[in-house]
Protein chains: 2
Amino acid sequence: MNDVVKRSNGALNNVGLKNTELKKAGLKATLPRLKILELMENSEGRHMSAEDIYKKLLELGEDVGLATVYRVMTQFEAVNLVSRHHFDSGLSVFELNEGSHHDHLVCEKCGKVEEFVEESIERTQHKIAKKFGFKMTDHSLYIYGICPACQEESSRT
Amino acid sequence: MNDVVKRSNGALNNVGLKNTELKKAGLKATLPRLKILELMENSEGRHMSAEDIYKKLLELGEDVGLATVYRVMTQFEAVNLVSRHHFDSGLSVFELNEGSHHDHLVCEKCGKVEEFVEESIERTQHKIAKKFGFKMTDHSLYIYGICPACQEESSRT
DNA sequence: GCTGATAATGATAATATTTCGCATTTCTAT
DNA sequence: ATAGAAATGCGAAATATTATCATTATCAGC
């Protein structure tokens, strides 16, 4: 018998695995943290604002406060479980850190986000930081545009 | 006799030139807009938040409301006189659009901003947008790090 | 499995940033 | 100079995020 928990709504599983995931990161495995982690892993759109996360948890009948979502996301960010992005909307969106580093392509119409990796850009960024004598700690690259679906839509009118 | 206006405090000059600059952009040449434009051209640190601009105008004895600063910056952005950036702090900073496009290197300690241009990155971004079928409208690249001065400082303690 | 120390949570108040509503003022074309 | 339209300043409202604090949950040690 393992850690996997069966739930009739199918929303939240693998509680035990996430439990260890949190402990390994040095965080107590509390219910809100488990639920948030699971929600993020099970959501298609992987880029969510604190408000998004809060609302989805309410929909799932989970009793989590918005302040807790913010606190938890900040902690998750500190231990590198998630990244925080500031898209042009001005608010913060969070993304689970799984797989390797990547950058983002954001549709200005519908908000759709594509991810991409471009090694040459990564290398060039390091080179630039070095040229200015900066010790590079982080970077963010967003390309904004209109996605294929939204181009379709506007040409159809 | 030309448009240049002499002022004893030396802060705000060239009123007439800016006047035409605004008209050309399709904006009425109002006092707040002229003052903001001049302030931005005469400030060393070219990246300012709305609050920064507001406070500096007050210091100069100009009577401009904070709401007006926000409105004007939004209009300036719309006609491409300024760019709006969302650095990781979360708040918006504005920058005068003069000279050619460039990206930013931001010090996480002192907030110092360096600008750079890297053609290869520009080209690659267009290539990526194209690959995903996006019509690219904009992009932002920020490299975060510790500037030389701040590295010095922390090693000296 | 209990239990107590400690840390985390939820509700709400507080703060910060940005926008809105509206009476008044300023621009600009005449 | 003047009228009509647009812009402004002020304060209130909206939005996003953080802080406060009484209550509750977690977990190490038994």
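**Exercise 1. Work out how strands S2, S3 and S1 of chain B are arranged, and which of them stand at the edges.**

Step 1. Start with one pair: S2(B) and strand S3 (residues 92-96) of chain B are joined by 5 bridges and run antiparallel. Keep in mind that this is a predicted model.

Step 2. Pick one bridge from that region to anchor yourself: B:Arg84 has B:Phe94 in S3(B) as its bridge partner.

Step 3. Now bring in the third strand. The open sheet has 3 strands in the order S1-S3-S2 (chain B), with antiparallel pairing.

Step 4. Read off the edges. Strand S1 (48-49) and strand S2 (82-86) of chain B each have a single partner strand, so one side of each has no neighbour in the sheet.

**Exercise 2. Take B:Ser49: is this residue buried or exposed, and what does it touch?**

Step 1. Locate the residue: B:Ser49 sits in strand S1 of chain B.

Step 2. Check the accessibility. Buried means under 20% relative accessible area. B:Ser49 comes out at 8%, so this residue counts as buried.

Step 3. List the contacts, ignoring neighbours within four places in sequence. That leaves B:Leu91, B:Ser92, B:Val93 and B:Phe94. B:Phe94 is also the bridge partner of B:Arg84.

**Exercise 3. Follow strand S6 of chain B and find which strands pair with it.**

Step 1. Look across to the other chain. Strand S6 (residues 135-146) of chain A pairs with strand S6 (residues 135-146) of chain B in the antiparallel sense, over 11 bridges.

Step 2. Find one of the bridges: A:Ile146 has B:Lys135 in S6(B) as its partner.

Step 3. Stay within chain B for the other pairing. Strand S4 (residues 103-107) of chain B runs parallel to S6(B), and 4 bridges join them.

Step 4. Place a residue pair there too: opposite B:His104 you'll find B:Tyr142 in S6(B).

**Exercise 4. Describe how the protein meets DNA strand D, from the list of residues down to single atoms.**

Step 1. Get the overall list. There are 20 residues around DNA strand D, and A:Tyr70, B:Thr30, B:Asp63, B:Thr68 and B:Arg71 come nearest.

Step 2. Sort the residues by type: 9 are nonpolar, 4 polar and 7 charged.

Step 3. Ask what part of the DNA is involved. Sugar or phosphate accounts for 73% of the atoms of DNA strand D within 4 Å of the protein, and bases for the rest.

Step 4. Go to the atoms. B:Asp63 uses a backbone N or O atom, 2.4 Å from a phosphate oxygen of DNA strand D. With B:Thr68 it's an N or O atom of the side chain, 2.5 Å from a phosphate oxygen. Chain A joins in through A:Ser92, where a polar side-chain atom lies 3.1 Å from a phosphate oxygen of the strand.

Step 5. Map this onto elements. Two or more residues each come from helix H4 (66-78) of chain A and from helix H2 (31-42) and helix H4 (66-78) of chain B. The largest share, 4 residues, belongs to H4(A).

**Exercise 5. Repeat the analysis for DNA strand C: which residues come nearest, and which element gives the most?**

Step 1. Again, 20 residues lie around the strand; A:Thr30, A:Asp63, A:Thr68, A:Arg71 and B:Tyr70 come nearest.

Step 2. Sorted by type, the surface near DNA strand C has 9 nonpolar, 4 polar and 7 charged residues.

Step 3. Of the atoms of DNA strand C within 4 Å of the protein, 70% are sugar or phosphate, and the rest belong to bases.

Step 4. Look at single phosphate oxygens of DNA strand C. One is 2.5 Å from a polar side-chain atom of A:Thr68. For A:Arg33, the distance from a side-chain N or O atom to a phosphate oxygen is 3.3 Å. B:Ala29 contributes a polar backbone atom, 3.0 Å from a phosphate oxygen.

Step 5. Finish with the elements. Helix H2 (31-42) and H4 of chain A, together with H4 of chain B, give two or more residues each. H4(B) gives the most, with 4 residues.

**Exercise 6. Sum up the make-up of chain A: how many helices and strands does it have, and how much of it is buried?**

Step 1. Count the elements: chain A has 6 helices and 6 strands. From the N terminus they run α-α-β-α-α-β-β-β-β-α-β-α.

Step 2. Turn to burial: 40% of the 157 residues are buried.

Step 3. Add the surface. Chain A exposes about 8800 Å², of which carbon and sulfur atoms supply 50%.

Key:
Residues are numbered from 1 along each chain as its sequence is written. Chains are lettered from A and ligands numbered from 1 in the order in which they are written. This is a predicted model: local features need pLDDT of at least 70, side-chain atom pairs count only at pLDDT 80 or more; totals for chains, interfaces and linings use all residues. Side-chain values use heavy atoms; hydrogens and water are left out. Buried means under 20% relative accessible area, exposed over 50%, partly exposed in between (1.4 Å probe, protein chains only). Accessible areas come from the Shrake-Rupley method with a 1.4 Å probe; for residues, only the protein chains shown count as cover. A residue is near a molecule or strand if one of its heavy atoms lies within 4 Å of it. A polar contact is a pair of N or O atoms within 3.5 Å; within protein, one must be able to donate a hydrogen and the other to accept it, and residues adjacent in sequence count only if both atoms are side-chain atoms. Ala, Val, Leu, Ile, Met, Phe, Trp, Tyr, Cys and Pro count as nonpolar, Asp, Glu, Lys and Arg as charged, and the others, Gly among them, as polar. Two strands pair if DSSP finds at least two bridges between them. Contact means heavy atoms within 4.5 Å.
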